[in-house]
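This report looks at ligand surroundings, a metal site and the nonpolar interior of one protein model. The sequence and structure come next.

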Amino acid sequence: LDGFFVPDSLAGRRVLLTAGPTYEAIDPVRGITNISSGKMGYALARACRDAGAEVTLVSGPTALPSPTGITVIPVQSAQHMLSAVEASLPGQHVFISVAAVADYRVANTSEHKLKKQDGGPPTLTLVENPDILASVAARADAPFCVGFAAESQNLLDFAEQKRTRKRVPLLVANLAQQAMGADDNEVVLLDDAGRHPLPRQSKDDTARAIVAHLARALASR
Ligand code: CTP
Ligand code: CA
């Protein structure tokens, strides 16, 4: 049955996901973001819903339609995303962190739109954002956590290190330059049992395969 999608395999489970990029303001009309489209996170949210789960999706800015039957909480910045995740966390059985969270935000944001003549190019000071996945996984009441790793090199080594560092039982590894923004991807699932490569396929099919793996992991706990 490996990889097969089973209806109702997540019946009775509550699943919280993050998806999309975050947007870190520089001034009221400008910001720092990344090329995440949200497609993988939205596909996973729909796959969890179709498997019978009650789904909450905390989403950074994307151009995607809100999926029906899913509670969508729109956010902008990483700090905003963390607050929304913490507020939604009670009662969740699973947390899937798909969002491409900005690692840094601008410390010296400007209340007013920056003017070109204000003394040459501005200097942006960056401060590190909270690690949403690591902070959820470290909680005493942590749900089952699934992480993603977007790497551009040494995919499996870097991803293994990430799984260990963030203490997540299941991690989905993919090559950032292939996956981000694309309609299909090719991922490797990493868990205590080892490495489980999935074929290159649509993000919807990848999502269904991840849900099948997740449902088995939850059932065998
Ligand atoms: N993540 C998060 N909060 C952050 C950064 C990352 O929740 N501030 C989550 C992502 O949603 C993903 C996982 O952590 O599930 C790994 O994200 P990634 O960017 O690949 O790893 P980082 O730990 O940020 O390390 P680096 O960017 O240096 O590779
Ligand atoms: Ca990162």
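A polar contact is here a pair of N or O atoms within 3.5 Å. The model is a predicted one, and the contacts of this kind between ligand 1 and the backbone that are considered here are set out below.

| Residue | Backbone atom | Atom of ligand 1 | Distance |
|---|---|---|---|
| Leu133 | N or O | oxygen | 2.8 Å |
| Phe148 | N or O | oxygen | 2.9 Å |
| Ala150 | polar | oxygen | 3.3 Å |

Taken alone, ligand 1 exposes 570 Å², of which the protein buries 79%. Around ligand 1 there are 15 residues, and those that come nearest are Ser97, Ala99, Leu133, Lys162 and Lys166.

The calcium ion, ligand 2, has Asp103 as its coordinating residue, with two OD entries listed at 2.5 to 2.6 Å. Asp103 itself belongs to the loop between strand 6 and strand 7 (104-106).

Turning to the interior, the largest nonpolar core comprises 34 residues, and within it Leu10, Leu17, Leu44 and Ile96 have the most contacts. At least two residues of this core come from each of several elements, including strand 1 (14-19), helix 1 (39-50), strand 6 (94-97) and helix 6 (203-219). Apart from this core lies another, of 23 residues, among them Met81, Phe95, Val136 and Val188. When neighbours within four places in sequence are left aside, the residues in contact with Leu17 include Gly41, Leu44, Ala45, Val55, Leu57, Ile96 and Val98. In soluble globular proteins, nonpolar side chains tend to be buried together.

How values were computed: Residues numbered from 1 in each chain as written. Chains lettered and ligands numbered in written order. Predicted model: local features only at pLDDT ≥ 70, side-chain atom pairs only at ≥ 80, totals over all residues. Heavy atoms only, no water. Core = buried A, V, L, I, M, F, W, Y, C linked by side-chain atoms within 4.5 Å. Buried < 20%, exposed > 50% of the residue type's maximum accessible area, 1.4 Å probe, protein only. Helix = DSSP H or I, 4+ residues; strand = E, 2+ residues; numbered from the N terminus. Contact = heavy atoms within 4.5 Å. Donors = N, O, S within 2.8 Å, 3.2 Å for Na, K, Ca; no water. Near = heavy atom within 4 Å. Polar contact = N/O pair within 3.5 Å; in protein donor to acceptor, adjacent residues only side chain to side chain. Areas by Shrake-Rupley, 256 points an atom, 1.4 Å probe, with all protein chains shown as cover.
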